[in-house]
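I opened the model to look up two things: how a pair of helices packs, and where charged side chains pair. My notes follow.

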Amino acid sequence: MAKIVVSVPSRPYAEALDGLAVDVVEWTIDAPCGRTDLDMVVVPAYKPFSSLRHLEGNKPALVQLPSIGYDGVEHVIPKGFLVANAAGVHETATAELAVGSIIAVLRKLPDAVRNQGRRLWQRGDARGLADSTVLIVGAGGVANAIADRLAPFEVKVRRVGRSGRTDARGPVRAASELAELLPAADVVILAVPLTDATRRMADDAFLSRMRDGAVLVNVARGAVADTEALVRHADRLALVLDVTDPEPLPEGHPLWEKAALITPHAGGASAAFAPRIEALVRRQAERLIAGDCPENVVLRP
């Protein structure tokens, strides 16, 4: 392909394509584009996937998502499109948030913030992360980024995947072993994609297997956990939720009071996002120009 037409949501993406054989169209997918010659569509960050219906009438193209997750895209995007996710863009920032949130809760930093607001000097022992057992449910990019960042903290890290195996980081236990692994964990991190197999994985039976006082961290998707079960166990577990179901969490929901820490789906929301997604968009354009297959393809025509 000698030259391609790429739609981008904003000027910085266009600048990332400078010097390539590309015609750039700025389009935020809020309404039909009015063009049928797009070869690549870059979806804006935080845009609901339902907006992908506005691709109707275009020719098959590469659709570049801004997220790692793509659950539900197949139900709204017109037929005939190649879809890629943003693997490699969010893992580092999400791992930072996961590890930072765990330390914050175990070292009682939210309490310190509240006490500072009250001008209250109140010391107390905190559990800390060292010598803990951390169970990461997931063995993909985000899970592995978390494992790498936990390595210097003198913890025992166990990872669980769909099947048991050994990789460069060591053993991965099978999902069938979760029931026996959960009671020994001080921290359990959910870092799996949302699929039929993982939907409401952290249900009442899962949470009941966790020891009193353990920390549950969800940086996956809100629906990976059963919200009603979270509420029931919130008084004995420390819940750290970057994602919820529903999302955003309604104002009067009991998890606002019961969870140890809630962040507003902010795993990938750091300064690292822009340069990494722009670099990915450029690589994808280069591949299309060269006639090569794009990276990170998750749905095919």
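**Helix packing**

I started with the handedness: H3 and H5 cross in a right-handed sense. I note that this is a predicted model.

Which residues make the contact? On the H3 side I listed Glu91, Thr92, Thr94, Ala95, Glu96, Ala98 and Val99. On the H5 side I listed Gly141, Val142, Ala145, Ile146, Arg149 and Leu150. I then sorted the residues of this contact by type and got 7 nonpolar, 3 polar and 3 charged.

Next I took the geometry. Helix H3 spans residues 91–106 and helix H5 spans residues 141–150. Their axes lie 8 Å apart, at an angle of about 55°. I therefore logged H3 as oblique to H5, because an angle of 55° falls between the roughly parallel class, under 35 degrees, and the roughly perpendicular class, 65 to 115.

**Salt bridges**

How many salt bridges does a search of the whole structure find? I got 18. I looked up several of them.

*Asp71 and Arg221.* Their side chains meet in a salt bridge, at 3.3 Å from N to O. This pair links distant parts of the chain, with the two positions 150 residues apart in numbering. I placed Asp71 in the loop between strand E4 (62–64) and helix H2 (73–76). I placed Arg221 in the loop between strand E11 (215–218) and helix H8 (227–233). Is Asp71 buried or exposed? Neither: its relative accessibility is 27%, so I entered Asp71 as partly exposed.

*Asp111 and Arg114.* This salt bridge has an N to O distance of 2.6 Å. Both residues sit in helix H4 (residues 109–117). They are 3 residues apart, about one turn of the helix. Asp111 is partly exposed, at 35% relative accessible area. Arg114 is also partly exposed, at 46%. Neither residue counts as exposed, because that class needs over 50%.

*Glu286 and Arg282.* I read 3.4 Å from N to O for this salt bridge. Both residues belong to helix H10 (residues 273–290). The spacing is 4 residues, about one turn of the helix. I checked the accessibility of each partner. Glu286 is partly exposed at 36%, and Arg282 is partly exposed at 27%.

*A network.* My last entry concerns shared partners. Arg173, Glu177 and Glu180 are joined into one network by salt bridges that share partners.

Methods
Residues are numbered from 1 along each chain as its sequence is written. This is a predicted model: local features need pLDDT of at least 70, side-chain atom pairs count only at pLDDT 80 or more; totals for chains, interfaces and linings use all residues. Side-chain values use heavy atoms; hydrogens and water are left out. A salt bridge is a side-chain nitrogen of Lys or Arg within 4 Å of a carboxyl oxygen of Asp or Glu. Buried means under 20% relative accessible area, exposed over 50%, partly exposed in between (1.4 Å probe, protein chains only). Axes are lines fitted to C-alpha atoms, for helices over the stretch in contact, and angles run from 0 to 180 degrees between N-to-C directions. Angles under 35 degrees count as roughly parallel, over 145 as roughly antiparallel, 65 to 115 as roughly perpendicular and the rest as oblique. A crossing is left-handed if the near helix is turned anticlockwise from the far one by less than a right angle, and right-handed if clockwise. Contact means heavy atoms within 4.5 Å. Ala, Val, Leu, Ile, Met, Phe, Trp, Tyr, Cys and Pro count as nonpolar, Asp, Glu, Lys and Arg as charged, and the others, Gly among them, as polar.
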